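Me: I'd like a close look at one part of this model: how helices pack. Please walk me through it in one go.

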Amino acid sequence: MSSFKETYQKLNSKPAMKVLKSLGALIIIIIVFALINDAGRATAKFLTVNNILTITLQMSIYALLALGICYVLLIGGAELSAGSIVGVTAMTFLVLMREGLPFPVSLIITIIMGLVIGFLNGFMVAKMKMIPFVATLGMQYVARGFCQIIGNGQTIALTTAVKDEGLLAAFRFIGSGRVLGTIPMATIVVVIFFIIHYIILNHRSFGRKVYAVGSNSEAARLSGIKADRIVIMAYMISSFMATMAGLLYTMRLSIAQPAGGDGWEFEGIAACVIGGISMMGGEGSVVGAIIGASTLAVMRNGMNQAGLNPYWQNVVTGLVIVGAVYMDIRRRQKEATRL
């Protein structure tokens, strides 16, 4: 009995086990909503290929956010400005396009803006030694303020900013079009970024350094890792992905608005936590981030089909997040006790 318990504890401590648990929870949630929403129907409504693909489209923006935020959580940081970065970069892009700047120039300026915000976040945390929560909270207000200033508090339509019909059609296809009439293009964009980040975190030295800094920043410094640089890079990657989410948001909804992305950083953080990424740093993976984003999207889709009041949906989502964080804390406490 004791040997079985020891074996279970060893397996449970492996990163792959956390991913499998998150995946198992997702599968259970899918089954539950399939039973609730499809029971008594002549044809399935929830568990259909079209609905599953729709869910992947609905989760695309949150998935991009989660892929970036996971870097910040892995180094043991916090990121509360991601949603505002979505808003300010989306607004900046459309304003630049409306003013007649070519698409490549507008895109480059928008990306640079996102990277600068990420650099400032990382600099405040790494060099100025500010608490990550406070630094990124301040940047959240700064970015949201610039979003209001740049757009003059007005909503900007994609059709107003983009005059080229071919370019406009391309943007709409990326945001809400489907390849071969089936697979959402936004889902393909998420898959491409997922593969890139999976390679970075699992097969590149930078990824190993991210985990090292998150596990023990002081030990990482003593081993020769420039921890401050890794922290800054993590925030820049998170901001870059928020910028990509902002562009996708604009292409999908065909607008940029002052309140765009408001509170979305919590969706990204929630996806990471539900996917098994520890808020204490050093543990988790981009696979978990995608599973977490999928879980949130499945829950929202399933609760909508079940006709649950949106306010109660927020309550359920909040309880799931609290539960995921509590389970992570309990697991870490047990591991510390065994040590």
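Reply: Two residues are in contact here if they have heavy atoms within 4.5 Å of each other. Helices are DSSP runs of H or I with at least four residues, strands are E runs of at least two, and both are numbered from the N terminus. This is a predicted model, where local features need pLDDT of at least 70 and side-chain atom pairs 80 or more, while totals for chains, interfaces and linings use all residues. Numbering starts from 1 along each chain as its sequence is written, and side-chain values use heavy atoms, leaving out hydrogens and water.

Let's start with H4 (residues 60–74) and H13 (residues 227–253): their axes, lines fitted to C-alpha atoms over the stretch in contact, come within 7 Å and cross at roughly 175°. Angles run from 0 to 180 degrees between N-to-C directions, so H4 is roughly antiparallel to H13 (over 145 degrees; under 35 is roughly parallel, 65 to 115 roughly perpendicular, the rest oblique). On the H4 side you'll find Ser-60, Ile-61, Leu-64, Leu-65, Leu-67, Gly-68, Ile-69, Tyr-71 and Val-72, and among their partners in H13 are Ala-234, Tyr-235, Met-241, Leu-248 and Arg-252. By class, that contact has 16 nonpolar, 3 polar and 1 charged residues (Ala, Val, Leu, Ile, Met, Phe, Trp, Tyr, Cys and Pro are nonpolar, Asp, Glu, Lys and Arg charged, the others, Gly among them, polar).

Now swing over to H14 (residues 264–274) and H15 (residues 286–305), which pack at about 110° with axes 7 Å apart, and are therefore roughly perpendicular. Glu-267, Ala-270, Ala-271, Cys-272 and Ile-274 in H14 meet H15 residues including Gly-288, Gly-292, Leu-296 and Arg-300. This contact splits into 7 nonpolar, 3 polar and 2 charged residues.

How far to trust it? pLDDT is the predictor's confidence in each residue, from 0 to 100. The chain's mean is 90, with 93% of residues at 70 or more. Confidence bottoms out in H1 (residues 2–12), at a mean of 44, and peaks in H6 (residues 103–126), at 97.
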